[in-house]
Amino acid sequence: MSIAAAHQDDSGEVVLAARNIAKSFGSVHALKGVNFKIHRGQVTTLFGENGAGKSTLMKILSGVLAPSSGDITLDGAPIEFSDTIEAREHGISIIHQELSLAPNLSVRDNVFMGRELTTRTGSVDYAEEARQTQLLMEELEEDIDPLTPVEELRLGQQQIVEIARALSINSRILIMDEPTSALSAAEVEVLFKVIRDLKARGVSIVYISHHLEEALQITDHAVVLRDGVMTAYARREDIDLEWIVRNMVGENFDLGSPPEAQFGDVALSIDSVSVPDASGVDLVRDLSLEVRSGEIVCIYGLMGAGRTELLEAVAGRLNLTGGRVVLDGEDISHLGIAERIRRGLVLIPEDRQRDGLVQTMSVGQNLSLASIGAFTRALFTSPKLENEVIDESIDRVHIKTSGGSAPIGSLSGGNQQKVVIGKMMATHPKVVLLDEPSRGIDIGAKAEVFKLLAERASGGVGVIYSTSEVGECLSVAHRIVVMRRGRIAAEFGPDVTKAQIMAASGEAID
Ligand SMILES: Nc1ncnc2c1ncn2[C@@H]1O[C@H](COP(=O)(O)OP(=O)(O)OP(=O)(O)O)[C@@H](O)[C@H]1O
Ligand SMILES: [Mg+2]
């Protein structure tokens, strides 16, 4: 296998070749001598588990990080980048896995941040910047005013802005590290159209995604990284999904089946709830849903169906315009977030990067953070016990880290997501809400997270999780609720088919 990888295809014009790239962070060997090629006008996808080294390799190619050893040639000439600006001047740009936008600035100012256009007199040409931003939004088929502050956009739209910024650079090599993690199916389609156009213009793309099926649709070359080593390479026409999974993790995973249904009383009752957006339009409309203790409910819906708004309102992060939230028979609609957590209702949010983690703290501190305050003290009676909980969480969701004291920023993107999940689970909830729990995590970790949900449900916890991947509905859920335009459009048992779920959501099936 490594021989195949070492001879990564030479057909077609190679624009960039990286040889023997190694990168260490202290004692962590993130890359151990990787050979990697990028072909003109083609898409190369990097597959690999969380922490395999994908982002590290891409950061080296785009000038964010310097390699510990190894060399890079561009058009056959050796090259070194001291920073991203230099890489950009050579036509290489990157869309980062973690959004790097300034939330309080407008879409326009984010797109041109650090590369402002100027008029002949030398002042910033805001009008031209706005015009170009508008064109980019049109190309990406997104109805966003260039002057909107980024913080007012939903996560998927922020990702679109990130993509627009990279497109505005007119690069020859465009690296996309998990560009679609928060995009709707329709937005992914548009992005793929853009990628096809870029290819036709000779632009090379490197693509990284944990949505394996989706990546297969767009890629020409597939590369698998495992523990900092390239373990497999193939051309698209020679592989299928099974090949990727086998090479990524060495075995095939399924996402489990519903645990034995031993339901107790109604644990959480969402009663005729409406949730408005900033302008007062209801994103969730008069919606009712109950979950019993021991029951797992999956909410499926397209992006924009109101899933996130529903879960955030139930957790106390958004206001209701009507209805009640009842936990264990008690109306908790008037309570704040912390009080809801204390009573056993926790949310694992969609935007875990922003909401779930404190970047300056260690892995361990983040794991125990949710339970800060009186609650923590009751939960962790001693530092020793707390450390045990942290170590158990690291072990449980397979967080790849050098230990509980490592800074959170040193973890790979997917492993940071796992910290948030581990953290919330450590609070012993009665009801847990998970908004897209599988986003950004590898297939092995997905199976692990669903197993954890099944175990918690067997122990009497009521679980509601949302997903926009229809395959994930058919895992551990006892009941599948399909949301469409703020309402429940259909409800199914676990024996439903993917087609039935998609039809109820309003999704076209091909
Ligand atoms: N700044 C850093 N300091 C210390 N260790 C780091 C740093 N950046 C990355 N690492 C480590 O290098 C390894 C590879 O991380 P990388 O981010 O490249 O993984 P990845 O393949 O992109 O994973 P994911 O799918 O989760 O995004 C991990 O073990 C990670 O903890
Ligand atoms: Mg990564």
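**View 1. Asp 75 sits in the loop between strand E4 and strand E5.** This is a predicted model. Strand E4 covers residues 69-74, and strand E5 covers 77-79. The phi angle of Asp 75 is near 50 degrees. That is a positive value in a residue other than glycine. Asp 75 is partly exposed, because its relative accessible area is 47% and the partly exposed class runs between 20% and 50%.

**View 2. Asp 286 also has a positive phi.** The angle is about 50 degrees, although Asp 286 is not a glycine. Asp 286 belongs to strand E12, which spans residues 282-292.

**View 3. The protein surrounds ligand 1 with 20 residues.** Lys 54, Thr 56, Ser 410, Ser 412 and Gly 414 come nearest. Which elements each supply at least two residues of this shell? They are strand E2 (28-39), helix H2 (54-61) and helix H16 (413-425). By residue type, the shell around ligand 1 divides into 5 nonpolar, 12 polar and 3 charged.

**View 4. Polar atoms of Gly 51, Ser 55 and His 210 lie 2.8 Å from oxygen atoms of ligand 1.** Gly 51 takes part through a polar backbone atom. Ser 55 uses a polar side-chain atom. His 210 likewise uses a polar side-chain atom. Taken alone, ligand 1 exposes 640 Å². The protein buries 86% of that area.

**View 5. Ser 55 and Gln 97 coordinate the magnesium ion, ligand 2.** The donor atoms are OG of Ser 55 and OE1 of Gln 97. They lie at 2.0 to 2.2 Å. Where in the chain are Ser 55 and Gln 97? Ser 55 is in helix H2. Gln 97 is in the loop between strand E6 (92-95) and helix H4 (107-111). The pair links distant parts of the chain, 42 residues apart. Ser 55 and Gln 97 are both buried. Ser 55 also appears in View 4, where its side chain approaches an oxygen atom of ligand 1.

**View 6. Met 58 is a buried residue of helix H2.** Its relative accessibility is 0%, so Met 58 counts as buried. Ile 175 is 117 residues away from Met 58 along the chain. In space, the C-alpha atoms of Met 58 and Ile 175 are separated by 7.1 Å.

**View 7. Arg 108 and Asp 109 meet in a salt bridge.** Their side chains are 2.8 Å apart, N to O. Is Arg 108 buried or exposed? Arg 108 is buried, with a relative accessible area of 13%. Asp 109 counts as partly exposed, at 22% relative accessibility. The two residues fall into separate classes because buried means under 20%. In the model as a whole, the count comes to 24 salt bridges.

**View 8. Arg 154 and Glu 187 form a salt bridge.** The N to O distance is 2.7 Å. Arg 154 lies in the loop between helix H5 (126-139) and helix H6 (155-168), and Glu 187 lies in helix H7 (residues 185-200), so the pair ties together parts that are 33 residues apart in sequence. Arg 154 is partly exposed, with a relative accessible area of 33%. Glu 187 counts as buried, at 7%.

**View 9. A salt bridge joins Glu 472 to Lys 446.** Their closest N and O atoms are 3.7 Å apart. Glu 472 is in helix H18 (residues 470-473), and Lys 446 is in helix H17 (residues 443-458). This pair links distant parts of the chain, 26 residues apart. Glu 472 is buried, with a relative accessible area of 2%. Lys 446 is buried as well, at 7%.

**View 10. Leu 453 is a buried residue of helix H17.** The relative accessibility of Leu 453 is 0%. Val 432 is 21 residues from Leu 453 in sequence. From C-alpha to C-alpha, Leu 453 and Val 432 are 9.1 Å apart in space.

**View 11. Four charged residues share a network of salt bridges.** The members are Glu 330, Glu 339, Arg 342 and Arg 343.

Key: Residues are numbered from 1 along each chain as its sequence is written. Chains are lettered from A and ligands numbered from 1 in the order in which they are written. This is a predicted model: local features need pLDDT of at least 70, side-chain atom pairs count only at pLDDT 80 or more; totals for chains, interfaces and linings use all residues. Side-chain values use heavy atoms; hydrogens and water are left out. Buried means under 20% relative accessible area, exposed over 50%, partly exposed in between (1.4 Å probe, protein chains only). Helices (H or I, at least four residues) and strands (E, at least two) are DSSP runs, numbered from the N terminus. A residue is near a molecule or strand if one of its heavy atoms lies within 4 Å of it. A polar contact is a pair of N or O atoms within 3.5 Å; within protein, one must be able to donate a hydrogen and the other to accept it, and residues adjacent in sequence count only if both atoms are side-chain atoms. Accessible areas come from the Shrake-Rupley method with a 1.4 Å probe; for residues, only the protein chains shown count as cover. Ala, Val, Leu, Ile, Met, Phe, Trp, Tyr, Cys and Pro count as nonpolar, Asp, Glu, Lys and Arg as charged, and the others, Gly among them, as polar. Donors are N, O and S atoms within 2.8 Å of the metal (3.2 Å for Na, K and Ca); water is not among the atoms, so sites may look incomplete.
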